[in-house]
Amino acid sequence: MTSVFALVDCNNFYASCEKLFRPDLRHTPVVVLSNNDGCVVARSKEAKTLGIKMGVPVHHIQSDIRRHKIQVFSSNYTLYGDMSRRVMVTLESLAPRVDVYSIDEAFLDLTGIDRVVSFEEFGCQVKNTIFRSVGLPVCVGIAPTRTLAKLANYSAKHYPATGGVVDLTDTARQRRLMARVPVEEVWGVGRKLSARLQAMGIETALDLADADPATVRKRFSVVLERTARELRGIACLAWEDAPPAKKQIMCSRSFGQPIQALSDLEEAVSHYTARATEKLRKGQLYAGELMVFIRTNPFRASVPQYSRSASVSLVSPTQDSRVITRQAMTLLRSLYRYGFDYAKAGVMLSELVDGTGLQSDLFEAPGEHNYSAERAARLMAVMDDINRKSRATVTMAREAGPGAYAMRRKHLSPAYTTSWKQLPDVY
Ligand SMILES: [Mg+2]
């Protein structure tokens, strides 16, 4: 049986989370700012229409904010983490296999589901169920490979006539869409690679699909060759090789057996942290925010349920496993409650930035942990190398660390869903 994947992606996730608890802002442009209220990291549909750009420093758009009465929010990762958890649990109730890709995206394995219901109808069910039970709008792209499912989702987002669901299992339809999509939009291609591809006359996704595989491998990489084959409908990208998400890196898994002991959870979470930070370094990125979640199995109604997430801002963006693991352990211990059968845990890195513009800061300030940044980078490189070459892995010893620190969050919304004191008022 040929495989079929769906990519479910929330629309304007952070902005949609903020709007959900402020119905008065339904038609108001909303932007969400990065840590320390620096740059725009999310925009509602209305803010996009006004031409507010992603990543723009907030002080550059002060006049727009006043003129158009744009509502500004500081990022509230506690809220987004909790809403994300709700979306993922709902998805898990709908499909047998769910791979969480980022805070607001997951791949579902839909292989064989068309014997029961058409793919498009299933996609609509997913979309409606998430909206009904969580309150957030999503788009669904369905295709025989993850790379094509990404493209299907792209078209679901860009063409309102699709109603937010695109079934791209048909080859002719795949080719029609790929001819209209710039190669830069293909999963894992990005701007740098697309400049080189364009120089070779490969401008659209279809050009890449039709390119000679041997040439692609020789001039670029095995990874890009796989991407090209995925565009032709051949699933060949292992989940571990999926390109890192641009905005968050996520690593979470269900346990084979329920876990009760904190020490076992610590082991699992430090393992996920190691995988996530490895991806971070592979993408040459630094993380400014860390989230950890743990939960029981919501489908075993007979056992006591517990599900929480917590997040912390990192003093300066880092890719150092030691710093991140230490913080992850602190978060985990604050979340852990004795007496539950834990079924799943995960970590998420966000507020991702690349090294440029960060370096000076990084090397000047020793940071709270007094690790030399240069030494840290060398150590991490050695660790990644060892882990790449052998199946045995070098990971971080678990250690305790200091708590959070004060940060500028002038426009923070309440923790509506995770604090009894901050429940939304209903009038
Ligand atoms: Mg999204």
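The following legends describe close-up views of a predicted model.

Local features are reported only at pLDDT of at least 70 and side-chain atom pairs only at pLDDT 80 or more, whereas totals for chains, interfaces and linings use all residues. Residues are numbered from 1 along each chain as its sequence is written, and side-chain values use heavy atoms, with hydrogens and water left out.

**View 1. The open sheet of strands 3, 2 and 4, with helix 1 packed on it.** Helices (H or I, at least four residues) and strands (E, at least two) are DSSP runs, numbered from the N terminus. The 3 strands form an open sheet in the order 3-2-4, with mixed pairing; two strands pair if DSSP finds at least two bridges between them. Strand 3 (40–43) and strand 4 (71–74) are the edge strands, each pairing on one side only. Neighbouring strands of this sheet are turned by 30° against each other on average, direction ignored. Strand 2 (residues 30–33) pairs with strand 4 in the parallel sense over 4 bridges, and Val31 stands opposite Val72 in strand 4. Helix 1 (residues 13–20) touches strand 2, strand 3 and strand 4, and its direction makes about 115° with that of strand 2. For such angles, axes are lines fitted to C-alpha atoms, for helices over the stretch in contact (heavy atoms within 4.5 Å); the angles run from 0 to 180 degrees between N-to-C directions.

**View 2. The hairpin of strand 5 and strand 6.** Strand 5 (residues 98–102) pairs with strand 6 (residues 105–109) in the antiparallel sense over 4 bridges. The hairpin has 2 residues between its strands, and Ser102 stands opposite Glu105 in strand 6. Strand 5 is mostly covered, with 5 of its 5 residues buried. Buried means under 20% relative accessible area, exposed over 50%, and partly exposed in between (1.4 Å probe, protein chains only).

**View 3. Helix 13 and its start at Asp320.** Helix 13 (residues 321–335) has 15 residues, and its end C-alpha atoms are 21 Å apart, in agreement with the expected 21 Å. That expected span is 1.5 Å times one less than the number of residues. Because 12 of its 15 residues are buried, helix 13 is largely enclosed by the rest of the structure; among them are Ser321, Arg322, Ile324 and Leu335. At the start of the helix, a side-chain oxygen of Asp320 reaches to within 2.8 Å of the backbone nitrogen of Arg322.

**View 4. Thr277 in helix 12 and its contacts.** Thr277 lies in helix 12 (residues 262–282) and is buried, with a relative accessible area of 0%. Its side chain makes a polar contact with the side chain of Ser321 (3.1 Å). A polar contact is a pair of N or O atoms within 3.5 Å; within protein, one must be able to donate a hydrogen and the other to accept it, and residues adjacent in sequence count only if both atoms are side-chain atoms. Neighbours within four places in sequence aside, Thr277 is in contact with Ser321, Ile324 and Leu349.

**View 5. Cys124 and Cys139, without a disulfide.** With a disulfide defined as a pair of cysteine sulfur atoms within 2.5 Å, the count comes to 0. For Cys124, the nearest cysteine sulfur is that of Cys139, 11 Å away. The sulfur of Cys139 is 9.7 Å from the closest cysteine sulfur, in Cys10, and therefore too far for a bond. Cys124 is partly exposed at 32% relative accessibility, while Cys139 is buried at 5%.
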